[in-house]
Amino acid sequence: MKPLLERLKYEVLLLDGSMGALLQSRGLPAGYAPDLWNIEKPHEIQAVHTEYVNAGSDIILTNTFGASRLRLSEYNAQDRIREINFHAVELAKRASRGKAYVAGDIGPSGTTIAPFGDLPFDDAIAIFYEQAKLLLEAGADLIAIETMFDIQEMRAALIGVREAINGRIPIMALMTFNMDGITDSGSDPETAASVLEGFGVDIMGLNCSVGPEAMVPVVSRLGQTTDTFIAVEPNAGLPVHRNGETLYLTGAEEVARFAPSFVEAGANIIGGCCGTTPEYIKILAKTVKGSAPISRPTPSLLKISSRTSMTLIGEGVPFLIVGEKINPTGKKIFSEAIANGQVDLIVAEARKEAEAGAGALDVNVGVPLVNEAEMMAKAITAIQNVVSLPLVIDSSYASALEAGLKLYPGRALVNSINAEDERLEEVLPLIRKYGAAVIALVSGDNIPETAAERMKNAEKILRRAEELGVKPRDLIFDTLALTVSAVQEAAKQTLDTISLIKKELRLPTILGLSNVSFGLPARKIVHNNFLSMAIGAGLDAAICDPYDQVLHQTVAASSLFARRDPDCRIYLNKAEAWTPASANQSATSKETAPKTTSEAIRQAILEGERDGIAALCQKGLDEGLSAFTIFLDIMTPAIRHLGDLFGQRVKFIPHLIAGADAMKKGVEVLQPHLEADGPVEPKGCVIFATVKGDIHDIGKNICILMLRNFGFSVIDLGRNVPLDEILAAAEKHQAQIIALSALMTTTMMQMKIAIETIREKNLPYKVMVGGAVVTPKFSTEIRADGYGKDVGDVVPLAERLISAFSGLDVPVAQ
């Protein structure tokens, strides 16, 4: 066969469809690990692969979706990881008979990744590395990472997989999006694509969660933002349950009807996920297989992103203002806070800069005698809870840069490298490893006086970057704004360097703006006039003071002449806020009413300010607020509102985790005072478990945290829990509610079995169910007492069930 990536340039290829549905039809028990059948029933696995190859699949996925060490440990099979993965590849190879490429399939870890989860980032990397290495050694033709909803976990997977395969085979990376085109962790297609591009994946795309109709616009958005090959695997609609079976009623012809739309939107590979069959692949083989993919332009702009938003840098797009205020230089109180490990001032500054109109934030925490790597990690974690802007990680120390890059769930911009060999060798490997972008200063051992000399440094940086696997479009050059009062000619050389880089290298440029006016009176007049000249020369971004309203006006006006504001729309929108009284007024001078302690506590929960809430709760107590008032009237409504925002898709899973954790830390301060006023009776006892055969606990853990914050006693039994253990725990703890979670269609029926057993034994427990694959209809069919769509539902539902259980009116927090 020709190399896969070469074929994708000229023809649409087909993936396979669902493995689980076909294995269940061959007798796979509900809740049993399909991966174990690679050893126990290899003929069944090979038979499924053969069906898909015969149907027309060009790529088949190995039966290893859950064959990582962490997930196999749920079945005490972690020591067989090599055997399972090797057998899986061998079975797929036999079935392919040289007609199809074998993709080593890697699924999610089944848990949440730091900083919002329990699995350390480095441990996650190691888990993905190990499985990818085995699949490579076994002979896989490519690695497929699929069904990822969290961009941070995808980052860990890509780091591990890239280290394991070292460029020897292609990588396909597939996210899972909801009906609104956004992942559960808040990433839209453009944001996800920017991160995946940063890691240089060969194929990106989406699978699972929704049917084909909802996937077409996502594929289209990917096609408009990237030239990377795109793969799409829709479900056969949503599942229903009849006579104890999980069924997908959307027929093969109906799902296949969307295939031409996928091709028109930019797809290069089409397959199927849950509920799709060889019959579906046969239809695709007759309709779209081998057709020519559409041509897509190569992106030329630099992309940086947070978890939830992407920003473009370069010609023809809005000028980027990078806020400079998160920097301790010359700020005594700010420096002292960092030295004490506090992030509250950092968070407050981030929020203010975002409100003032910054498009990205530079983060520098360099204070003498401070562990900068540790502090950078804390700052990056805290800031991403309160603003959605991309971050610029700024440090002279590679260790601090790496600490920030590990915990940053997007595509960061690193500040910075220069032409010194030591700095290049130290930082460029980090840029490649973590899929970041980097600011490149055109200086070396000294600062060149002329534009020509600065260009030589730029060209040296560019050559070495490419040698180390960093692409040109990962770079943005800082052309050095020197102090005009000391060297007036330097300003002209800076402008000339901008023009040369734009003309010869065709790459973006940035400046640290305030340097140019140092030592002069009325500094803002100086550097804002220079900024206008620089924008005219082609400058794309500046690290500057976002509180300077004249700067914003300068950028808006200059952008009109630099072709960055079609139809003057940006200027006109901004001009509405400019009045003669405010034209020269800095945003920092506007008086704002100080927050009350109650408001500050509420905001700390809404924005997940875990480091500051304990002090705020203590301050509230000192001011005379009772512990019950703080808990019931301030914290509880705040966490409930956060749940509402999650339901509205304004906040996402990471925000919920951070907010719930912040409330937990606040409650720790209140607890002795609550107990002093009398024993606090829990609202009720809930036994929480992920059902037998299901090893995901992402949503479950967040629900448990929320329930505990609302006064419930919750017994967490973990993942893959047999029914007898659930019932034994309920009896032991005299529980009122059993909460069951499932994220796999193959395990949902365990909920039905549990409810039937409870009814047969006439046990008193109320059963609430939830999870990504669970629907209200399914909940009704299995006679559950309650269904929770997401974490926003779990507390009201539990309160309602407790009320029904006791037959009494239970106070419900508002």
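Here are a few friendly notes on the domains, one sheet and two helix pairs of this predicted model.

1. Let me begin with the overall layout. The protein chain is split into domain 1 (4-287), domain 2 (324-389 + 396-411), domain 3 (479-589), domain 4 (593-676) and domain 5 (685-803). Note that domain 2 is given as two segments. If you want a distance to orient yourself, the C-alpha centres of domain 1 and domain 5 are 28 Å apart.

2. Next, the sheet. Eight strands form an open sheet with parallel pairing, and their order is 1-10-7-6-5-4-3-2. Which strands sit at the edges? They are strand 1 (13-14) and strand 2 (59-61), each of which pairs on one side only.

3. Within that sheet, you may like to look at strand 3 (residues 101-106) and strand 4 (residues 142-148). These two run parallel and are joined by four bridges. To find the register on screen, start from Ala-103, whose bridge partner in strand 4 is Leu-142.

4. A helix also packs on the sheet: helix 10 (residues 212-225) touches both strand 6 (203-207) and strand 7 (229-233). The direction of helix 10 makes about 160° with that of strand 6.

5. Now to the first helix pair on my list. Helix 8 (residues 151-165) and helix 9 (residues 189-198) have axes that come within 11 Å and cross at roughly 15°. An angle under 35 degrees counts as roughly parallel, so that is how helix 8 lies relative to helix 9. The crossing of helix 8 past helix 9 is right-handed.

6. What do these two helices use to meet? Helix 8 brings Ile-151, Met-154, Arg-155 and Leu-158, while helix 9 brings Ala-192, Val-195 and Leu-196. Sorted by class, the contact of helix 8 with helix 9 holds six nonpolar residues, one charged residue and no polar ones.

7. The other pair is helix 14 (residues 332-339) with helix 15 (residues 344-356). Their axes come within 8 Å, crossing at roughly 125°. Helix 14 and helix 15 are therefore oblique to each other. On the helix 14 side the contact involves Ile-333, Phe-334, Ala-337 and Ile-338, and on the helix 15 side Leu-345, Ile-346 and Glu-349. By class, the contact of helix 14 with helix 15 has six nonpolar residues, one charged and no polar.

Definitions and conventions: Residues are numbered from 1 along each chain as its sequence is written. This is a predicted model: local features need pLDDT of at least 70, side-chain atom pairs count only at pLDDT 80 or more; totals for chains, interfaces and linings use all residues. Side-chain values use heavy atoms; hydrogens and water are left out. Axes are lines fitted to C-alpha atoms, for helices over the stretch in contact, and angles run from 0 to 180 degrees between N-to-C directions. Angles under 35 degrees count as roughly parallel, over 145 as roughly antiparallel, 65 to 115 as roughly perpendicular and the rest as oblique. A crossing is left-handed if the near helix is turned anticlockwise from the far one by less than a right angle, and right-handed if clockwise. Contact means heavy atoms within 4.5 Å. Ala, Val, Leu, Ile, Met, Phe, Trp, Tyr, Cys and Pro count as nonpolar, Asp, Glu, Lys and Arg as charged, and the others, Gly among them, as polar. Two strands pair if DSSP finds at least two bridges between them. Domain bounds come from an automatic or database domain assignment.
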